[in-house]
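Here are my notes on the model you sent, set out as numbered points. They go element by element, with the confidence scores kept for the end.

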Amino acid sequence: MSRVINIKGKLFIENRKIAIEVIQRCRNSIYFENNQFLFEKYDAYDNIDEDEKIRQMEEVEQEYLKKYNIYLKVQQQKKEEIERLKIEAQKKAIKEEIDRLEKEEEKRKIAEEKERQRIKEEKQILREEKADLIIANAKKQGYKLKKEIREDNTIKLVLQKRVY
């Protein structure tokens, strides 16, 4: 008695490439259509054991599941690696930005210190010029420098004038 054997898999195929690979490896007339494994064949002489084909279908589905789970793990590892690389790149960019800001701050402090030193030197020069001018004017007026004290950015002069 002839019959058509139809066996439909229970598994939904999400990756066609893996399904094709599993089917080519098994070579047992199972194919997939509409994202399900199928076996459909006309059995003219009752040569096909339906229970054996069901078992083969389950084996194909199990093999597909194993390979698909491995594929998912690899994809997850790739995603995690990409995320890790992104995070590392962000950390590196942040570190570079911090280093750049620290260098700018250091340059600013050095420039500020140089400016402060320049102003201090200019003030000292002006003080000395002013003291020299005061002493010169005092000498013109007949005073004599008796004592000169320079401390804490101040100059104390003790002048003496003799009147005859």
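1. The names of elements used below rest on one convention: helices (H or I, at least four residues) and strands (E, at least two) are DSSP runs, numbered from the N terminus. On that basis N35 falls in the loop between β2 and β3. The model is a predicted one, and each remark should be read with that in mind.

2. The loop that holds N35 also holds N34, between β2 (31-33) and β3 (36-43), and both residues deserve a look at their backbone angles. N34 has a positive phi of about 55° although it is not a glycine, and N35, likewise a residue other than glycine, has a positive phi near 60°. As to accessibility, N34 counts as exposed because its relative accessibility is 68%, over the cut-off of 50%, whereas N35, with a relative accessible area of 23%, is partly exposed.

3. The long helix invites a check of its geometry. Helix α2 covers residues 50-140, and at 1.5 Å a residue its 91 residues should span 135 Å; the end C-alpha atoms are 133 Å apart, so the expected and the modelled spans agree. After α2 comes G142, which has a positive phi, near 100°.

4. Which residues of α2 are buried? They are K53, Q56, M57, V60, E61, E63, Y64, Y68, A131, I135 and A138. Two of these can be given values: Y64 is buried because its relative accessibility is 1%, and Y68 is buried because its value is 14%, under the cut-off of 20%.

5. With ring centres required to lie within 6.5 Å, the model contains three aromatic pairs. One of them joins Y64 and Y68, a stacked pair with 5.7 Å from centre to centre and 10° between the planes. Both tyrosines lie in helix α2, four residues apart, or about one turn of the helix. An α-helix has 3.6 residues a turn, so residues three or four places apart point the same way. Y64 and Y68 also belong to one aromatic cluster, together with F37 and Y71.

6. I18 connects the other helix to this region. The residue is placed in helix α1 (residues 16-26) and is buried because its relative accessible area is 8%. Leaving aside residues up to four places away in sequence, I18 touches Y64, K67, Y68 and Y71. By contrast, the C-alpha atoms of I18 and E113 are separated by 69 Å, the two residues being 95 apart along the chain.

7. Strands β4 (residues 143-151) and β5 (residues 154-161) run antiparallel and are joined by eight bridges, with K144 having Q160 as its bridge partner in β5. The two strands form a hairpin with two residues between them, and D152 in the turn has a positive phi of about 50°.

8. How far does the confidence vary among the elements? The mean pLDDT is lowest in β5, at 76, and highest in α2, at 93. For the chain, the average pLDDT is 87, and 96% of the residues score at least 70. I would therefore ask that the remarks on the hairpin in point 7 be read alongside the value for β5, which is the lowest mean among the elements of the chain.

Technical notes
Residues numbered from 1 in each chain as written. Predicted model: local features only at pLDDT ≥ 70, side-chain atom pairs only at ≥ 80, totals over all residues. Heavy atoms only, no water. Buried < 20%, exposed > 50% of the residue type's maximum accessible area, 1.4 Å probe, protein only. Contact = heavy atoms within 4.5 Å. Expected span 1.5 Å × (residues − 1). Pairing = 2+ DSSP bridges. pLDDT = per-residue confidence, 0-100. Phe/Tyr/Trp six-rings, centres within 6.5 Å; stacked < 30°, edge-to-face > 60°.
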